[in-house]
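Please look at the ligand site first, then at the strands and the backbone. A short report on this protein follows the display.

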Amino acid sequence: MQAPEAQAAGKPRTVPVWRALPRALRDAHQSLVDVGNEAGGEVVRLGLGVSSPYLVTHPDHVQQVLQERAANYLRGDDTALWRSVRQLVGDGILSEGDTWRNSRRTLAPLFRPARINPLVDTMAEAIDGATGRLDKAAEAGTVVDIGAELSRLVCAAIMRVFFANRLGVDDALRIMAAQESIVTAMAPRLLAPVVPWWVPMPGDRRFHRAVQTIDDILLPVLRKALDEPGSGDDVLSTLARARNDGQPLTERQMRDDLVSMVAVTTETSYVALTWLWPVLATHEDVAHRLYAEIEDVVGAGPVRADHLPQLTYTRMVLDELLRLFPAGWIVPRRAVGADVLGGVRIDKGSTVILSPYATHRMEAFWGSDAESFDPERFTPERVAARHRYAYYPFGLGIHRCLGEGLFQLEAQLIVATLVSKYRFTLTEPTVPGIRVAASLRPRRRVELTLTRRESAVAR
Ligand code: HEM
């Protein structure tokens, strides 16, 4: 679908406040899809009170905002999301301008395929080694919270990449628990974007306590790394050796980048993978095909690096999972100057909301069955036939996710390991609703029991 041309270049259509706000409060995610569908991809203004942000859903416009005209659309810290993010991570890779550029220059090489791919077998072993608790749960028939278990597996997988052996797994898990508080404590602010940031809101104290916990754990580890940077190629050692204009990073710069990286890596990955199990429980055909592929390629395991290129259906399932459940569901920007998008005038200083969640579920780009789970959408032919930016779970342009490759690897390794070992029975076999938080979280825990697969028992 072509981007709609100007509705008589000038005033955009406004979804009136009394319609958008109650809908947004009831179901923030669905209301973005509904407004996007009703507007057919046109830029609209969400009547959410004084801030009245623009909603940008058409892939052409997404490309313009995030790529072609990125210099005009910054991560201003006056949106609820970025202000909260900034309070947690300070100034670093998640900011803008020179600080961001320096951080990106230091960090990007660490996540290139040439650096990550050789670590796959180490990651696979770490994941396999971390399934002991699940074995016990399978034996005892106890119910597990798969989200919590996945966060442990993600942690195990990436510890080497991030910290070599400078941080213990227990501390990493405490960081993740604090992060959980942060992501959910942000919800009241996301729901009430019109409340000025200086007005105290529920959740604020929990947010600040959790930030403190993270600092208490990370700062001593970071100071030690600064004293003894070593020659390791993990994120922490690399930051400890990094130079900006010949100067080492300050403790603050290092802390901000490290917290940013830990925050975006673990939360997004395990939350995304948590959605898989309810989806499999409600789509038997997909589950059978996925299990069959992993059985063929991996057998009883363990999973190895050379299995991954053969897991083509697994990859399609993961792509489709991130279409319907993109962990980074909302990507806000601030227009530094006035602009025109698809014929709609964007006021200087206004907030522009991009939402992979909305674009990924809109009928104009995905057909009338846009909301159904169908991995076949990711055959090479169908991908080629689609607008390139109808799908952007990892963002695009200058801020495109650094961790896309890492996620693809760890996700395939985790899914292949779990499926090669167990079968899963959900306590409540339906797809949960979505909780409003900074990432796309299920509204309730996903609980299940595990059964050890016969062929895996011998291992
Ligand atoms: C399912 C997993 C993930 C999803 C859905 C995801 C999504 C995103 C999105 C949408 C952005 C763009 C934000 C923007 O434009 O403002 C982004 C940026 C970023 N992601 Fe991810 N991400 C994931 C995993 C990871 C992992 C594993 C890492 C670890 C390296 C990572 C590191 C980053 C960084 C550093 C940025 C900021 C890049 C910049 O501003 O230059 N992400 N991610």
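The report below takes the ligand, the two sheets and two backbone details in turn.

**The ligand and its shell**

This is a predicted model. The ligand occupies the largest cavity. Around the ligand stand 27 residues. The nearest of them are W100, R104, R333, H399 and C401. Sorted by class, the shell holds 17 nonpolar, six polar and four charged residues.

Which elements supply at least two residues of the shell each? They are α5 (97-107), α14 (251-274) and β8 (331-335). The largest share comes from α14, with six residues.

**The iron atom and the ligand oxygens**

The ligand carries an iron atom, and C401 is its only protein donor. The donor atom is SG, at 2.3 Å from the iron. Where does C401 lie in the chain? C401 is in the loop between α20 (380-385) and α21 (404-421). C401 is also among the residues that come nearest to the ligand.

Oxygen atoms of the ligand also lie close to N or O atoms of the protein. The table lists three such pairs by residue.

| Residue | Part of the residue | Distance to a ligand oxygen atom |
|---|---|---|
| R333 | side-chain N or O atom | 2.7 Å |
| H399 | side-chain N or O atom | 2.7 Å |
| I93 | backbone N or O atom | 3.3 Å |

R333 and H399 use side-chain atoms here. For I93, the atom belongs to the backbone. R333 and H399 are also listed among the nearest residues of the shell.

**The six-stranded sheet**

One open sheet has six strands. Their order is β1-β2-β3-β11-β8-β4, and the pairing is mixed. Its edge strands are β1 (14-15) and β4 (73-74), each of which pairs on one side only. β4 runs antiparallel to β8, and two bridges join them. Which residue of β8 is the bridge partner of Y73? The partner is A335. β8 thus links two parts of this report: β8 is a strand of this sheet, and β8 also supplies at least two residues of the shell around the ligand.

**The three-stranded sheet**

Another open sheet has three strands, in the order β5-β15-β12. Here the pairing is antiparallel. The edges are β5 (144-145) and β12 (422-426), and each pairs on one side only. β15 covers residues 447-452. Two bridges join β15 to β5. Within β15, L448 stands opposite V144.

**Two backbone details**

Most residues other than glycine have a negative phi, and most peptide bonds are trans. Two places in this model depart from that pattern.

The bond between G301 and P302 is a cis peptide bond, with omega at about 0 degrees. P302 is in the loop between α16 (284-298) and α17 (312-324).

A164 is not a glycine, yet its phi is positive, at about 50 degrees. A164 sits in the loop between α9 (146-163) and α10 (169-185).

Key: Residues numbered from 1 in each chain as written. Predicted model: local features only at pLDDT ≥ 70, side-chain atom pairs only at ≥ 80, totals over all residues. Heavy atoms only, no water. Near = heavy atom within 4 Å. Polar contact = N/O pair within 3.5 Å; in protein donor to acceptor, adjacent residues only side chain to side chain. 1 Å grid on protein atoms, 1.4 Å probe; cavity = no way out; pocket = protein on both sides within 12 Å on 5 of 7 lines; lining within 4 Å. Sits in = over half its atoms within 2 Å of the grid points. Helix = DSSP H or I, 4+ residues; strand = E, 2+ residues; numbered from the N terminus. Nonpolar A, V, L, I, M, F, W, Y, C, P; charged D, E, K, R; others polar. Donors = N, O, S within 2.8 Å, 3.2 Å for Na, K, Ca; no water. Pairing = 2+ DSSP bridges.
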